[in-house]
Amino acid sequence: GEGIDQLGGYPRWVHPEPLPCCARCQQPMPMLVSLNAAGALGLKPAYRGTLYGFWCDDCMISCTRKQL
């Protein structure tokens with residue numbers, strides 16, 4: 001089966017959206033990690049959401065997205 005967390009690859013978006021672009025070079029940023037927010041942050045089980053982390057290797061810039 002599919003896990004909730006993911007390391008690398010293409011994000012399994014809750015709601016489809018384009019990859020974020022690097023603030024410096026404007027290139028699409030590859031996904032580094034996605035984490036179920038409740039498990040990652042130890043929040044109440046009623047909390048829903050996924051955190052997505054992206055990284056531009058050339059510019060050394062990161063960003064995150066959250067989807068509920």
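**Figure 1. Surroundings of M31 in the predicted model.** M31 touches Q6, G8, G9, Y10, P11, Y52, G53 and F54, leaving out residues up to four places away in sequence. The model shown here and in the other views is a predicted one. M31 belongs to the largest nonpolar core of the structure. Two of its contacts, Y52 and F54, are members of that core as well.

**Figure 2. The whole fold, as a guide to the close-ups.** The protein has one helix and four strands. Along the sequence, these elements follow the pattern β-β-α-β-β. The strands make an open sheet with the order β1-β2-β3-β4 and antiparallel pairing. β1 and β4 stand at the edges with a single partner strand each, so one side of each has no neighbour in the sheet. In general, strands of a sheet pair through backbone hydrogen bonds, and the pairing can be parallel or antiparallel. The protein has 68 residues, and 29% of them count as buried. It exposes about 4,800 Å². Carbon and sulfur atoms supply 58% of that area. Take the contacts with a separation of 6 or more: residues 24 or more positions apart account for 41% of them.

**Figure 3. Strand β3 and its partner strands.** β3 covers residues 50-56. Is this strand mostly covered or mostly open? It is mostly covered, since five of its seven residues are buried. Five bridges join β3 to β2, which spans residues 31-36, and the two run antiparallel. One bridge can be picked out by residue: N36 has T50 in β3 as its partner. How many bridges join β3 to β4? There are seven, and this pair also runs antiparallel. β4 is made of residues 61-67. In general, side chains of a regular strand alternate between the two faces of the sheet.

**Figure 4. The hairpin of β3 and β4.** These two strands form a hairpin, with four residues between them. M60 sits in the turn and has a positive phi of about 60°. Two facing positions help to trace the strands. C56 stands opposite I61 in β4. G53 has T64 in β4 as its bridge partner.

**Figure 5. Q6 in strand β1.** Q6 lies in β1, a strand of residues 6-7. Why does Q6 count as buried? Its relative accessibility is 14%, and the cut-off for buried is under 20%. A polar atom of the Q6 side chain lies 3.0 Å from the backbone oxygen of Y10. Beyond its neighbours within four places in sequence, Q6 is in contact with R12, M31, L32, V33 and S34.

**Figure 6. An aromatic cluster around W13.** A search of the whole structure finds two aromatic pairs. In one, the rings of W13 and Y52 have their centres 4.6 Å apart; their planes are at 45°, so this pair is tilted. W13 is in the loop between β1 and β2 while Y52 is in strand β3, so the pair ties together parts 39 residues apart in sequence. The other pair is W13 and F54, with ring centres 5.8 Å apart and planes at 25°, so it is stacked. This pair, too, links distant parts of the chain: W13 in its loop and F54 in β3 are 41 residues apart. Ring pairs thus link W13, Y52 and F54 into a cluster. Both W13 and Y52 are buried. W13 counts as buried because its relative accessibility is 13%. F54 also counts as buried, at 1%.

**Figure 7. The largest nonpolar core.** Which residues make up this core? There are nine: W13, C22, M29, M31, Y52, F54, C56, C59 and C63. β3 gives the most to the core, with three residues. In soluble globular proteins, nonpolar side chains tend to be buried together.

**Figure 8. L68 and H15.** L68 lies in the segment after β4. Is L68 buried or exposed? With a relative accessibility of 53%, L68 counts as exposed. The cut-off for exposed is over 50%. In sequence, L68 and H15 are 53 residues apart. In space, their C-alpha atoms are 8.5 Å apart.

Key:
Residues are numbered from 1 along each chain as its sequence is written. This is a predicted model: local features need pLDDT of at least 70, side-chain atom pairs count only at pLDDT 80 or more; totals for chains, interfaces and linings use all residues. Side-chain values use heavy atoms; hydrogens and water are left out. Buried means under 20% relative accessible area, exposed over 50%, partly exposed in between (1.4 Å probe, protein chains only). Two strands pair if DSSP finds at least two bridges between them. A polar contact is a pair of N or O atoms within 3.5 Å; within protein, one must be able to donate a hydrogen and the other to accept it, and residues adjacent in sequence count only if both atoms are side-chain atoms. Contact means heavy atoms within 4.5 Å. Rings of Phe, Tyr and Trp (its six-membered ring) pair if their centres lie within 6.5 Å; planes under 30 degrees apart count as stacked, over 60 as edge-to-face and the rest as tilted. A nonpolar core is a set of buried Ala, Val, Leu, Ile, Met, Phe, Trp, Tyr and Cys residues joined through side-chain atoms within 4.5 Å. Accessible areas come from the Shrake-Rupley method with a 1.4 Å probe; for residues, only the protein chains shown count as cover.
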